[in-house]
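Thank you all for coming; I would like to walk you through one structure, starting with its cysteines and then turning to a sheet.

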Amino acid sequence: MKYPKFLNEKHNTIGVCAMSSGVGHKLDSFDESMEYIKMHGFHVVETASVRNNSEPSCDGLSRVRELNSLIEDEKVSAIWLAAGGDFQFETLPYLDFDLIEKNPKWYLGASDPTNLLFPITCKCDIATIYGFNAGSFDTYGINAYSSLCLDFLKGKNSILHSSPKHQDVDFYNDGAPILNTKTEYIGNCDVTGRLLGGCFESIHDMAGTPYDYVESFNTRYQSDGIIWFFDIFSMNSCDVYRALLKMKYMGYFKYTKTILVGRVLFKNVSDLIDYEEAFKKALPDIDVVFKMDIGHTYPHMYVVNGAKAHVQVLNGSGSIEYVINE
């Protein structure tokens with residue numbers, strides 16, 4: 001696994017691009033996020049379409065050209081996607097994986113940006129960071145893991161511990177999130193393996209397409225074993241079950257040690273099966289931990305996609321420790 005160089009005082013530029021939605025509808029919020037990132041010692045440059053008030057920010061080819069400008073810029077050490085959305089999937093045919101592989105940098109994003117991070121990790125063997133978009137750090141979005149994510153870009157590798165409380169509502173509020181519910185992970189594990197995952201809906205969309213490189217990743221790291229992590233945004237629980245079966249039939253879980261599942265933001269539970277039942281029924285021989293601090297609910301961790309990690313969960317709480325000095 002290639003770990004890009006960490007950022008430092010001399011090489012501290014983060015390039016922000018809008019591979020999914022533009023942020024024109026929330027400029028005040030986005031400016032707050034940019035100030036938060038700069039406050040942590042980073043310089044930020046934005047591509048032309050970031051502040052467009054549209055979803056997607058512009059056409060697919062133009063979005064990739066803006067991405068490529070950051071890849072080719074030697075001053076840029078990390079590339080952060082501005083926001084989530086629904087249409088990054090249409091950029092896949094234009095991605096230049098050879099260019100990405102020749103210029104290893106940190107890539108960060110969450111939700112729809114899985115369509116960039118996931119194939120980069122699987123095909124180019126470059127670690128990526130899932131959990132926050134560049135526009136995630138407004139008053140509402142900052143959580144206990146925010147500064148730790150930015151510190152990680154500088155090379156500080158902290159053990160991430162489960163939160164004491166989380167938000168147990170399925171909508172966004174004015175002001176700060178309502179952390180009103182005790183966090184209790186469901187399930188137990190004590191494993192070391194190779195992390196792989198992201199937004200479940202995006203991974204399902206890519207499965208079986210020409211941009212599905214999971215088999216090669218699994219083959220490279222079969223001796224380590226795979227720890228999948230899934231962030232389900234709003235997919236119906238029956239659809240999750242069928243998607244898991246599809247992935248199993250394709251060999252996704254051949255070398256899996258454990259699956260980590262975040263809390264579902266917009267729950268869409270079928271009368272026939274709930275989310276936990278979907279995993280247990282589709283994958284009865286694999287240990288699964290549910291309701292982790294991963295994904296769209298608050299607070300949420302950053303997950304280093306492709307990294308070896310030690311994950312411990314016992315009696316409702318747990319930790320993730322990344323092993324990056326391999």
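**Cysteines and a sheet**

The structure holds 0 disulfides, a disulfide being a pair of cysteine sulfur atoms within 2.5 Å. Before I go on, please keep in mind that this is a predicted model, in which local features need pLDDT of at least 70 and side-chain atom pairs count only at pLDDT 80 or more, while totals for chains, interfaces and linings use all residues. Residues are numbered from 1 along each chain as its sequence is written, and side-chain values use heavy atoms, with hydrogens and water left out.

Why is cysteine 58 without a bond to cysteine 17? The sulfur of cysteine 17 is the closest cysteine sulfur to that of cysteine 58, but at 9.9 Å it is too far for a bond. Cysteine 58 is also buried, with a relative accessible area of 18%, where buried means under 20% relative accessible area, exposed over 50%, and partly exposed in between, with a 1.4 Å probe and protein chains only. Cysteine 238 is likewise in no disulfide, as the nearest cysteine sulfur, in cysteine 199, is 19 Å away; cysteine 238 counts as buried at 16% relative accessibility.

Let me turn to the sheet. Six strands, or 6 in the order E2-E1-E3-E4-E5-E13, form an open sheet with mixed pairing; strands are DSSP runs of E, at least two residues long, numbered from the N terminus, and two of them pair if DSSP finds at least two bridges between them. Strand E2 (43–46) and strand E13 (303–305) are the edge strands, each pairing on one side only. Strand E5 (residues 128–130) pairs with E13 in the antiparallel sense over 3 bridges, and threonine 128 has asparagine 305 in E13 as its bridge partner.

Methods:
Helices (H or I, at least four residues) and strands (E, at least two) are DSSP runs, numbered from the N terminus.
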